[in-house]
Amino acid sequence: MDQAVEARDVELERCREYLRMLARLQLHPRLHGKLDASDVVQQTLLSAHANRDQFRGKTEAELLGWLRQILANHLAGAVRHFGAGLRDVRREHSLETGLEESAVRLDGWLAADQSSPSQQLMRQELHLRLAEALAQLPDDQRLAIELHHLKGCTVADVAEQMGRTKNAVVGLLFRGLRKLRQLLHDANAD
Amino acid sequence: MSTEHATNAERESRLNDVLLSYLEAVQVGKAPERRQLLDRYPEFAAELREFFTLRDQISRLASPLREVALSGGLAGEPSAPDRPGFDFPDDRAPKTSARSGAASVELGPIGEFRLLREIGRGGMGVVYEAYQTSLNRRVALKVLPFAAALDPKQLARFQNEAQAAARLHHTNIVPVFAISQERGVHYYAMQLIDGQSLASLLDELRRHEPTRPARPGNLEALSGAGAASGPPAAALQPPAAAAHAVETSAAQLVSFSTERSLRKSSFFQRIAQLIRTAAEALEHAHQAGVVHRDIKPANLLLDLGGNLWVTDFGLALLQSAAGLTMTGELLGTLRYMSPEQVSARRGQVDH
């Protein structure tokens with residue numbers, strides 16, 4: 001297999017957890033049972049792989065941006081497919097717009113980042129590692145952390161969404177963060 | 001064995017209660033000093049310290065990602081009819097703002113502030129109109145996602161400066177209500193000013209051509225927006241149609257523009273007066289030992305009554321710190337810097 005193509009595939013694979021994390025952030029937890037972030041991400045990576053010639057960027061940042069756009073399209077498609085029973089063209093349109101807005105917004109944020117390129121690179125790397133570390137946490141710890149720290153839900157909201165007590169949620173957060181720190185530390189050590 | 005296990009479980013449960021009450025206090029804007037918590041629960045000192053460190057750590061990583069979720073991720077919150085979202089048949093009714101009758105889109109809470117809508121975007125952060133729960137009022141909230149990436153020393157410097165700025169009390173300086181961070185999202189709450197920045201006004205003036213018939217449109221009410229490039233071109237209301245608040249701003253713009261094109265002395269007088277007001281505000285700040293460091297049209301606001309406000313005191317340090325490289329970047333926007341500032345000699349910057 002062509003060396004360049006192989007390298008590109010490895011790059012894409014690296015982004016898998018990052019994309020899964022973004023997909024989870026975008027989807028309501030109640031959808032998680034019905035719509036698997038993993039499936040959507042798999043479709044995304046397959047699309048990216050099939051269309052890799054179309055990607056003209058050079059940096060990893062550009063690659064991630066490109067992948068986020070593809071993810072947004074696939075998420076919109078998946079949710080639309082799932083919600084096929086609820087016919088509402090206007091809502092579907094606003095779903096897509098909302099998703100694309102989110103993807104563009106994240107790009108906008110990263111673009112507006114006034115820190116130096118090396119700091120940006122570092123942060124991007126951290127995001128990729130964060131995603132990989134989150135993937136290794138027990139499900140309930142990961143969910144609690146994502147809902148509270150990444151989505152900004154209050155502890156009460158998290159408790160309600162997870163069907164646990166607030167006390168239990170705090171415990172999950174504490175233990176989860178601890179484990180997360182350890183995983184990131186270990187990843188750093190490599 | 002089982003007794004020991006039960007005791008550990010009980011202890012963990014008590015610790016969780018302590019942490020929970022801390023988190024809930026943060027959520028309503030009444031977070032106690034961390035020091036206080038450590039003093040009150042010495043038996044949990046080690047865990048508390050660890051907890052704070054972990055929270056700070058995740059904050060540094062997570063805040064730009066939070067923006068993705070804040071911006072209305074798919075079905076993250078119960079949706080209003082005009083908002084992207086996914087309704088389940090058994091879902092709760094959409095959350096509407098307690099204040100307004102109409103279903104305003106709530107983007108999510110930061111501390112005790114409930115974000116209502118975005119009103120501007122600048123290099124440093126986004127400005128939202130927000131609702132302050134504890135005081136039942138609308139404020140402008142500037143969210144600073146990259147503040148979390150600062151190291152503790154830089155952060156301390158920024159906080160000191162922002163606190164000094166917050167002590168300023170002057171008719172033409174935008175009061176600061178709160179500077180805090182919550183789960184990594186640093187924010188800066190200040191008085192909401194209905195109006196627009198001079199940068200945006202200048203932008204409009206440049207675009208406006210008196211010979212072209214004015215098309216109906218709106219001028220966005222900007223507050224604290226540091227957008228150097230101004231909002232997208234919004235056409236002016238015809239002067240005759242000026243009726244409500246937004247159009248008052250348009251009327252100001254039109255009269256500015258007319259006066260300018262006619263080279264009326266009143267135009268120059270008005271400008272001179274604005275500059276004088278700004279200078280007086282800065283003088284007041286200097287007397288109090290606070291230097292703005294980033295005065296530019298984007299940080300000078302004109303409210304609907306025609307009053308000038310200076311905003312974003314204390315934020316310049318943040319901007320520079322976040323962008324600082326080893327080679328040392330310049331504070332402030334180059335075009336508006338004083339010679340002393342440009343030459344980067346420490347301790348000599350006085351405006």
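Modeller: Before we start, a residue counts as buried if 20 or more other C-beta atoms lie within 10 Å of its own. Please keep in mind that this is a predicted model.

Biologist: Thanks! With that in mind, what percentage of the residues of chain A count as buried?

Modeller: Chain A has 190 residues in total. Applying the cut-off of 20 or more C-beta atoms within 10 Å, the buried share of chain A comes to 37%.

Biologist: How many helices does chain A have?

Modeller: Reading along the sequence of chain A, you meet the pattern α-α-α-α-α-α-α-α-α-α. Chain A has 0 strands, and its number of helices is 10.

Biologist: Let's pick a pair of those. Is α8(A) parallel, antiparallel, perpendicular or oblique to α9(A)?

Modeller: Helix α8 of chain A covers residues 139–150 and helix α9 of chain A covers residues 155–162. Their axes come within 9 Å and cross at roughly 140°. Over 145 degrees would count as roughly antiparallel, and 65 to 115 as roughly perpendicular. The crossing falls outside those ranges, so α8(A) and α9(A) are oblique.

Biologist: And how many charged residues are in the contact of α8(A) with α9(A)?

Modeller: On the α8(A) side, the contact is made by A:Asp140, A:Leu143, A:Ala144, A:Leu147 and A:His148. On the α9(A) side, A:Val155, A:Val158, A:Gln161 and A:Met162 take part. By class there are 6 nonpolar and 2 polar residues, and the number of charged residues is 1.

Biologist: Now to chain B. Which strands stand at the edges of the sheet β7-β8-β9?

Modeller: In chain B, 3 strands form an open sheet in the order β7-β8-β9, with antiparallel pairing. An edge strand has a single partner strand, so one side of it is left without a neighbour in the sheet. In chain B that describes β7 (195–197) and β9 (308–310).

Biologist: Which residue is the bridge partner of B:Gly195 in β8(B)?

Modeller: Strand β8 of chain B spans residues 300–303 and pairs with β7(B) in the antiparallel sense over 3 bridges. Across this pairing, the bridge partner of B:Gly195 is B:Asp303.

Biologist: What about the other side of β8(B): which residue in its hairpin with β9(B) takes a positive phi?

Modeller: β8(B) and β9(B) also pair in the antiparallel sense, over 3 bridges, and B:Leu302 has B:Leu308 as its bridge partner there. The hairpin has 4 residues between the strands. A positive phi near 85° is found at B:Gly306.

Biologist: At about what angle does helix α5 of chain B run to β7(B)?

Modeller: Helix α5 of chain B is made of residues 198–207. It lies across β7 and β8 of chain B, and its angle to β7(B) is about 85°.

Biologist: Last one! Is B:Val176 buried or exposed?

Modeller: B:Val176 is in strand β5 of chain B, residues 176–182. Leaving aside neighbours within four places in sequence, B:Val176 is in contact with B:Ala165, B:Ala166, B:Tyr188 and B:Met190. The cut-off for burial is 20 or more other C-beta atoms within 10 Å. B:Val176 has 22 of them, so B:Val176 is buried.

Terms used
Residues numbered from 1 in each chain as written. Chains lettered and ligands numbered in written order. Predicted model: local features only at pLDDT ≥ 70, side-chain atom pairs only at ≥ 80, totals over all residues. Pairing = 2+ DSSP bridges. Helix = DSSP H or I, 4+ residues; strand = E, 2+ residues; numbered from the N terminus. Contact = placed C-beta atoms within 7 Å. Axes fitted to C-alpha atoms, helices over the stretch in contact; angles between N-to-C directions. Buried ≥ 20, exposed ≤ 12 C-beta atoms within 10 Å, placed from the backbone. Parallel < 35°, antiparallel > 145°, perpendicular 65-115°, else oblique. Nonpolar A, V, L, I, M, F, W, Y, C, P; charged D, E, K, R; others polar.
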